[in-house]
Amino acid sequence: MLQNNHHSRKTSPWISPELAIKIIILLYELLKILNRFYKRKEMQKLAADQGLDARLFHQAFISFRKHVLEMPSLSADLHIILSDICFGAGHIDDIYPYFMRHAKQIFPMLDCMDDLRKISDLRVPANWYPEARAIQRKVIFHAGPTNSGKTYHAIQRYLAAKSGVYCGPLKLLAHEIFEKSNNAGVPCDLVTGEERTFMDMDGRAAGHVACTIEMCSVTTPYEVAVIDEIQMIRDPSRGWAWTRALLGLCADEIHVCGEPAAVDFIRELMYTTGEEVEVHTYQRLTPFSILNHAVESLDNLRPGDCIVCFSKNDIYSISRQIEAKGLECAVIYGSLPPGTKLSQAKKFNDPDDPCNILVATDAIGMGLNLSIKRIIFNSLVKPNVNEKGEKQMETISTSQALQIAGRAGRFSSKFKEGEVTTMHRDDLPVLKEILSHAVDPIETAGLHPTAEQIEMFAYHLPDATLSNLIDIFVSLSQVDGLYFVCNIDDFKFLADMIQHIPLNLRSRYVFCTAPINKKQSFVCTSFLKFARQFSRDEPLTFSWVCRHISWPLAAPKNIKDLVHLEAVHDVLDLYLWLSYRFMDMFPDTASIREIQQELDDIIQQGVRNITRLIRATDPNLTDPLQTEIMHGQTGSEATSGAFWTRGRVQRGSGGTSESSLASRLVRDGLLTPDLLKQLQREWSKEHRRQDDNQLSTLSADHHEKNSKGKRKKKKK
C-alpha cells in the first residue's frame, strides 16, 4: 500500500481528493515515525559506535528521511518494515539496519571505520618519533619573564656544543641567531620556509643551524637543541610545530625557553617519554613599573615612547597625528617585510635620528631589539581566533600583556628601567588588573595530521576531496587530555580553492600547508595561478612571475598602493616557499630573491613617507573616528579607531581638540555610529522636506506675483 501510494504520488496525473488525503495522512504518520527514530538516544549511541558522530548522524538522517519520503519506490524489505511500523506490527528500532545501509552509501568511510580509527589515533604522539625515543635525552627548561636572559643562557650552551639546532617562532629570530653564531666563529646555516643559507661554499651542512620551528629536522642528530617560546605549544594554529620539535628532536640536550606557566605541563609531557625536566629559573634583569596616570593626549609623548595598537588603521591614524604635531615616528606591524621592520627599528634606536617615537602592533613582542622607555597601550582589545577558528574581539590576556609590556627598559637598551601605561584613562585600571593576574597555566599541546596519515585515509576513501579527508580525520581523531587538534580552517580554505585543479594528493597537501594570509585577495589569486601552472607541468619562470605581478613596480602613492606592495612581497615569499619543495617547477629563486629585495627597499621608502601616503589616501582625515563615520563602520568593522569595551566606545587616537562634535559624542560613548547615521538620515530627510516646502512656497509666491502682474496689466 505504501509503495503504491509513493508510485501514485509520482506518476499519476490526477488522483481523487480522498486518495490524496489518505496519502497525506500516511506521509504524515511516516514523518512522525522517522522523527521518533531520530530522537531515540539508543539509536544515536549505536550509530556513534559505527562512526556516526552527532553531526554525521544528523546529516545521514536528513538524507535518509528525504530518501524515504521522496523516492518513487522503496526497496521491498524497507517498504515492509515501514508498513508494519505504521500499522503497529513492528518496532521503531527495526529501521536502524536500513538507516545504516543508507548512511554507508553517503559516507563510504563507515565500511572501513576500524582502519580509519587506527590511522587517526593521536593518543600517543611520542611514538611517532622512534629516533628520538632511541636515545635518552636531557631536557632543560629555562623559565622566566621577558628580558630575563633565559634564551641567552640556552644559546651559550648551543654555541659551545659540537652541533646544535635553534628553533624559533619567527624568521627574524632565526636570522638573529644565525648572525650571532657566525659572528662568534661558530659556522651556522639558516633554514626558513623561504630561505636556505649555507656557510660552506660547496653547500655542505654546518654543524649548527638556526631555523624557524616548522623547518627543524627530527631525523638529524645534534648535541644541543634550543626550542624558543615553548608556551606557543598551545597556539591554536601553530602549536603542532612546538609539539613535534619537543617530542621529535634527536638531541642529547633539549633546552626549552619560555614562560614559567609552561613548566608543569612540559614536565607532564616529558613523563610520557620517560624523560625528566631540569628547571632553571630567571628573574627580569631590569624592572618595569605601571604608571598611575594615562597619557591621554599625543601632546604628552616623550622620546622612547612606543604606542601599541592592535589594528593597522590605528597605526595609520596615530602616526599621522604624531607627525602633524611636528614629531617623527617609526612604524612596525606584522605584514611589513623583515627588512623594513629592521630598518624602522634601527631608525627608532638611533640616538642621532630625530625619530624617537614608535607606533607598532604586538609584532614588537618577539624578534626585535628596541630601545623603548615607555610602552603605551592604545587599546586593550585585540581580534583573536579561538580554537574553533572563530574570530572575536577579546581583551588581551595576561601573557600577551606581559610579552608587550616587557619590551620596555630592556637590558640591552639605553633605558635601564621601563614604564607601562595606557593612552586612555579608563583603560589604566583594566591594564593593572590584567597584569596583576598570574599567567594561565598551559594545559594542552597542538597536533596536526601529517601528509602520510592523509594519504592512508585517501587510500581507503579514494573519491573524497582533500577538504573532506581532513574533516573526516578530525572527526575520527582520538586525543588524550594532553593534546588538541590544531585549527585547520586555513588548510581547508586553500584545499577548497584548488580542488578543481588536477594535482596528486601529496602535491595538493604541500600547496595547502603554504603560509598564506587568506585576507589578501591578490595573494589568494596568485596561489591559484601558481597551482594551475604547476598542474600543467609548466615551470613558473622569473619572466612568468614578473608578468603576473606587473614588475617593475613604482613607489606607493597612497596607502592602498603600500598594502598592494606588501601583498606582492607575500607572493614572492610564496614562490620561494614552494621553490624549496618543488625545485624543478620553481627554478628562478635567485632572480626572485633579487627583486624581492628591491621591493623591500620600495616598501621601506613608502613606510618612511607613511604620513604622506595617508594624506594622499584621505586628504580630509583629521580624526580616525570621522573616517569610521564616513565609511559607516560599525560593530566588528570598527576595529580601527574605536573599540567596544565594557559597553562603551573607547577613543582610538590620542584625542584632538579639532575633532567634531559628532566624533566627540561617539568617542565618549554618548552616541553610537549607527545612531549617528540614523540621525544624519533623518536630518537629511528633514532638510529635504524643508527645502521642498520652501520650494513650493517660493513657487506659490512666484505664481501669485505673476497673477497679480497679469491682473494689473488687464486693468491698465
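Is Arg425 buried or exposed? Keep that one in mind, everybody; I'll come back to it when we get to the salt bridges. One thing before we start: this is a predicted model.

Okay, the overall picture. The chain has 716 residues, and 49% of them are buried. DSSP runs give us 28 helices and 20 strands. If you take the contacts with a separation of 6 or more, 74% of them are between residues 24 or more positions apart. As for the surface, the chain exposes about 34500 Å², and 53% of that comes from carbon and sulfur atoms.

Now, the sheet. How many strands does this open sheet have, and in what order? There are eight, and the order reads 4-3-5-2-6-7-1-8, with mixed pairing. At the edges you'll find strand 4, residues 195-197, and strand 8, residues 277-281, and each of those pairs on one side only. On average, neighbouring strands of this sheet are turned by 15° against each other, if you ignore direction.

Quick reminder for anyone who needs it: strands of a sheet pair through backbone hydrogen bonds, and they can be parallel or antiparallel. Here's a parallel example: strand 2, residues 164-168, and strand 5, residues 208-212, are joined by five bridges. If you want a spot to click on, go to Val165, which stands opposite Val209 in strand 5.

Right, salt bridges. The count for the model comes to 30, and I'll walk you through a few.

Start with Glu275 and Arg137, whose side chains meet at 2.9 Å, N to O. The two are 138 residues apart: Glu275 is in the loop between helix 12 (263-271) and strand 8, while Arg137 is in the loop between helix 8 (130-133) and strand 1 (138-143). So where does this pair sit, buried or exposed? Glu275 has 4% relative accessibility, so it counts as buried. Arg137 is at 3%, so it counts as buried too.

Next up, Glu296 and Arg425, with a salt bridge of 2.7 Å, N to O. This pair also links distant parts of the chain, 129 residues apart. Glu296 is in the loop between strand 9 (288-290) and strand 10 (305-308), and Arg425 is in the loop between strand 16 (418-422) and helix 16 (427-436). And here's the answer to my opening question: Arg425 counts as exposed, because its relative accessibility is 55% and the cut-off for exposed is over 50%. Its partner Glu296 is partly exposed, with a relative accessible area of 31%.

My third pair is Glu455 and Arg506, at 3.0 Å, N to O. Glu455 lies in helix 17 (residues 451-460) and Arg506 in helix 20 (residues 505-512), so this salt bridge ties together parts that are 51 residues apart in sequence. Both ends are partly exposed: Glu455 has 30% relative accessibility, and Arg506 has a relative accessible area of 36%.

There's also a little group worth clicking through: Arg40, Glu42 and Asp93 are linked in a network of salt bridges.

Last stop, helix 5, residues 76-86. Which of its residues are buried? They are Leu78, His79, Ile81, Leu82, Ser83 and Ile85. Then, just after helix 5, you run into Gly88, which takes a positive phi of about 75°.

That's my tour, thanks for listening!

Methods
Residues numbered from 1 in each chain as written. Predicted model: local features only at pLDDT ≥ 70, side-chain atom pairs only at ≥ 80, totals over all residues. Heavy atoms only, no water. Pairing = 2+ DSSP bridges. Helix = DSSP H or I, 4+ residues; strand = E, 2+ residues; numbered from the N terminus. Axes fitted to C-alpha atoms, helices over the stretch in contact; angles between N-to-C directions. Buried < 20%, exposed > 50% of the residue type's maximum accessible area, 1.4 Å probe, protein only. Contact = heavy atoms within 4.5 Å. Areas by Shrake-Rupley, 256 points an atom, 1.4 Å probe, with all protein chains shown as cover. Salt bridge = Lys/Arg side-chain N within 4 Å of Asp/Glu carboxyl O.
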